[in-house]
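Hello,

Here is the structure for you to look over. My notes follow directly below it.

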Amino acid sequence: MLYLLAVIGALTIAVLLWRAFGPDRVETAPSRRIVAPDDDPEFLRKLGEQSKKKPDDE
């Protein structure tokens, strides 16, 4: 049982050291955050400006 705990501890330390000092990971795609139009403040601002410029035809 003691050996099992020692192996788990050694593996945990090895993984932590690898993540801290190992080679950097290469991202395959740039991480861009896609924002839906109803969550995009720039889009909502443009809609507000367009609605102010347009007279109501109803």
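Helix α1 is hardly covered: of its 20 residues, the number that count as buried is zero. Please keep in mind that this is a predicted model. From first C-alpha to last, α1 reaches 28 Å, close to the 28 Å expected at 1.5 Å a residue.

The chain as a whole fits that picture. It has 58 residues, and 0% of them count as buried. Two helices are present, and zero strands. The exposed surface comes to about 6,300 Å². Carbon and sulfur atoms supply 62% of that area.

**The patch**

Which residues make the nonpolar surface patch? They are Met1, Leu4, Leu5 and Ile8. Together they give a patch of about 460 Å². Take Leu5 as one of them. It lies in α1, which covers residues 2–21. Is Leu5 buried or exposed? It is exposed, because its relative accessible area is 52% and the cut-off for exposed is over 50%.

**The salt bridges**

Side chains of opposite charge can pair when their charged atoms come close. Here the count is two salt bridges. Arg45 takes part in both of the pairs described next.

- Arg45 with Glu42: the closest N and O atoms are 2.3 Å apart. Both residues lie in helix α2, residues 41–53. They are three residues apart, about one turn of the helix.
- Arg45 with Glu49: here the closest N and O atoms are 2.6 Å apart. Both residues again lie in α2. The spacing is four residues, also about one turn of the helix.

Salt bridges with shared partners thus join Glu42, Arg45 and Glu49 into one network.

How accessible are these three residues? Arg45 is partly exposed, with a relative accessible area of 40%. Glu42 is partly exposed too, at 38% relative accessibility. Glu49 stands at 37% and also counts as partly exposed. Why do they not count as buried or exposed? Buried means under 20% and exposed means over 50%, so values in between are called partly exposed.

**In brief**

For α1, the points to look at are its count of zero buried residues and the exposed Leu5, part of the nonpolar patch. For α2, look at Arg45, with its salt bridges to Glu42 and Glu49.

Best wishes

How values were computed:
Residues are numbered from 1 along each chain as its sequence is written. This is a predicted model: local features need pLDDT of at least 70, side-chain atom pairs count only at pLDDT 80 or more; totals for chains, interfaces and linings use all residues. Side-chain values use heavy atoms; hydrogens and water are left out. Patches are made of residues with over 30% relative accessible area and no salt bridge: like charges are joined within 9 Å, nonpolar side chains (Val, Leu, Ile, Met, Phe, Trp, Tyr) within 5 Å. Accessible areas come from the Shrake-Rupley method with a 1.4 Å probe; for residues, only the protein chains shown count as cover. A salt bridge is a side-chain nitrogen of Lys or Arg within 4 Å of a carboxyl oxygen of Asp or Glu. Buried means under 20% relative accessible area, exposed over 50%, partly exposed in between (1.4 Å probe, protein chains only). The expected span of a helix is 1.5 Å times one less than its number of residues.
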